[in-house]
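Please open the model in your viewer and prepare to select residues by number. The tour below proceeds by selection, with a short description at each stop.

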Amino acid sequence: MSLKYQWHLREQPEDTQVKNLAHETGLSTLVTQILVQRGLKTPQQVLPFLQPQIADLHDPYLLHDMDIAVERLTQAIFAGEKILIYGDYDADGITSAAILREAIMILGGQATVFIPDRFVDGYGPNQKRYEQFVQEGYQLIVTVDNGVTGLEEIQYAQEHKVDVIITDHHTLPPKLPLATAIVHPQYPGSNYPCPDLSGAGVAFKVASALLDEPPEELLDLAAIGTVADMVELKEENRVLVTWGLKQIQNEPRLGIEQLCKQAHIKLADFDEETIGFQIAPRLNALGRMDDATKGVELLTTSDLEKAKHLAQEIDKLNQQRKDITAEVFNDAYIKAQEQIKAGNQLLIIAGENWHRGVLGIVAGKIVDLTNHPTVILDILEDGRAVGSGRSNGNFDLYQALAVNRKLYQNFGGHAQACGVTLAASDLEQWRQQINALPTVKSLDTSKKTSRLYDLNLSVSQINLQLLEQLQQLAPFGQGNPLPIVKIDQFDSFQAEYLGKKTQNHVKIKLRQQQQYLDIIAFGWGQQLNQIQEFGISAVYGSLRQNKWRKQIQVQLNLQDVEEQVLSTDEAQSRLVDLRQTHNINVQLQQAQNLVFFHQHNFQKIQDKYPQLNCVLASDLNTDLKKVSLVDRPPSLNVFEQFVKQNQHLERIELIFHTYYPAYYQLNLTPQVWHRCLKYFLNHKNLTIKNLASVAKYLKLSNLEIKFVLKVFSELNFVKIENGFLIHPEKIPQQQLVDSKTYCQIRDLAAVQTTLIDSHFDEIIKYTNTI
């Protein structure tokens, strides 16, 4: 059973169709199979898709009112009129404003950019702001990435002799504003060939018409806005992103270059994922945390020092956004679990002093973890509760919340995302009313969203050649997603936290014979224990390239895990692999019934955490069903004895922590022992002070040379008197096993090999033989 989604193999095309297309295009059958699945079935469809050209861009005058908009803008530019660009506070709105501002400047004009404040002005046209612009003497207002909902605001401006040109791409309302021009790819009756342009895409088309040709120097901004707004990467959008990425890689503008430096991004590796996961979040952080106008300044400045300063500031804001998100999420998730226990299906969670800029992000995270539709609200000092809601594809959140519309002071959104404001005093009543609705009461949170995967592969089939074939389909995004692969053929797996500082992400390693595949699971930290407990039968995700220390490998970015289906016998004798846990203190506090093989470890942890149940392995009673083996046994014999005597245990967590791992790794070969003995016998007058030089000569560590010396001393091969190494007159006839220290270290090395370095499936086989 998968943890997040219900997976289905995408419908497979006919072999004959795939082979014919592969023959006609010279592409591999793997690539052509995916192309056919995505509706590209002829060479005439495939070639423009794989090799989009700037010449493929449509005539911008095919867009509704483009001729009127260009005429009015040109008039304003050459007459030196006061022009205002009214944008939006997300990455698409920021890049849209930057594109239009740059185009106007190329023609010698000037324009002021205004980006509304998310919390003061709200989204889209704001009446007070329009009144302000009229008073300040602006003669032309051009909206980018917004405007079609501004009936009253635009009417006010037009009545006061301020023309308004709307450039937008959002859903058109039943009644449109009476603007000077409305440039929109979905305007009724216009039939524009690429109706799914982003706000930046529409702004680029306006710039193309203004300048009489597509401005290639603005393609980078169009690419960022297009990817950030998650429109379909088909038709013109694919052209804009493909060529915009090339421009960023080859001739990056100052602002993007400095932002990449802050994010430690190599421009040569810059791709659509860089925009989606690195650049867009940083630009969006401005609108959430500060003034998004700084994003326009960053993207349009030619001043290096200014670009550096703005990039540093934006990067700090993005880190603040992450920190605040984590803080709010931790509080909200506790409340979410409480509400789920109380029987609520739709979670309405409120707190004080929660930053409103991250509420939607937190709501989305809780939906991902719980599968419950969620609304997160901040309670303000004036008694209002302002929040954002999120849902998955199985539940229409907008329709559910709309039933209580009379309670709200503000409300809007769509099926999967809503915004709402109401009196904080009404929250409890609202929560009860919402959860009493038949559609909410009947909500099945165990029902997972359906997802499709493209290929079923084994670990042994994954290599760089396969990845290079799949990369021919890039850039990826909406309408052309990264191919999802299912991997269910492997011998074993290991799972641990990714990195030592946080426990947010997970790294999984699959092994099939002598081939390995690394899997990076971003945001899966809370599921690690479940993965380790129940095991993995399959993983789903997208293949990506990982460059590390000049080595290029294929890794899988995880989307989902399918748990192993265990038999009753397996479930009753389950081992759990927690050997790679980095933060031992956190792990100990989460574990139950800590078992120790060593008295000193037992005493140390019991003194540090008196609230935990600690017990020595030799004193374990049969009442316990679940235990965690904290430290490592001194030998395999001791471990085997523990397993034999405690077959009643239903769950054994293998932590096997040690504060002294180097002692378990002392495993010298017979040749090394012989070389060491020969050296000591042939060199007289050695002192303890000479040991560092001796170790260096023998290519041993300081710990290894001390180990050797102690064993030889126990065997009377050498003696230490007054700091000198003394040779006996006659070397006694003894074996290494006659040394107590040698036997102890040999036993530790066996523990290391069998219980620490081995794969988990090998430990299972080993314990089954005990």
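The tour has three stops, and the model on display is a predicted one.

**First stop: aspartate 518**

Select residues 515-521, which form strand S17, and locate aspartate 518 within that strand. Is aspartate 518 buried or exposed? Its relative accessible area is 17%, and it therefore counts as buried, the cut-off for that class being under 20%. Next, display the side chain of lysine 509: a polar contact of 2.8 Å links it to the side chain of aspartate 518. To view the wider surroundings, add Lys507, Ile508, Gln553, Gln555 and Leu556, which are among the residues that aspartate 518 touches beyond four places away in sequence.

**Second stop: strand S20**

Move to residues 574-577, the extent of strand S20. Arg574 and Val576 lie on one side of this strand, while Leu575 and Asp577 lie on the other; all four are buried, and both faces are thus covered. Now add residues 651-657, strand S24, which pairs with S20 in the parallel sense over 4 bridges. Within this pairing, leucine 575 is found opposite isoleucine 652 of S24.

**Third stop: the tyrosine patch**

Select tyrosine 660, located in the loop that joins S24 to helix H25 (661-664). With a relative accessible area of 52%, tyrosine 660 is classed as exposed, because that class begins over 50%. Finally, add Tyr659 and Tyr663 to the selection and show the surface: together with Tyr660 they make a nonpolar patch of about 330 Å².

How values were computed
Residues numbered from 1 in each chain as written. Predicted model: local features only at pLDDT ≥ 70, side-chain atom pairs only at ≥ 80, totals over all residues. Heavy atoms only, no water. Helix = DSSP H or I, 4+ residues; strand = E, 2+ residues; numbered from the N terminus. Buried < 20%, exposed > 50% of the residue type's maximum accessible area, 1.4 Å probe, protein only. Polar contact = N/O pair within 3.5 Å; in protein donor to acceptor, adjacent residues only side chain to side chain. Contact = heavy atoms within 4.5 Å. Pairing = 2+ DSSP bridges. Patch = residues over 30% accessible without salt bridge, like charges linked within 9 Å, V, L, I, M, F, W, Y side chains within 5 Å. Areas by Shrake-Rupley, 256 points an atom, 1.4 Å probe, with all protein chains shown as cover. Salt bridge = Lys/Arg side-chain N within 4 Å of Asp/Glu carboxyl O.
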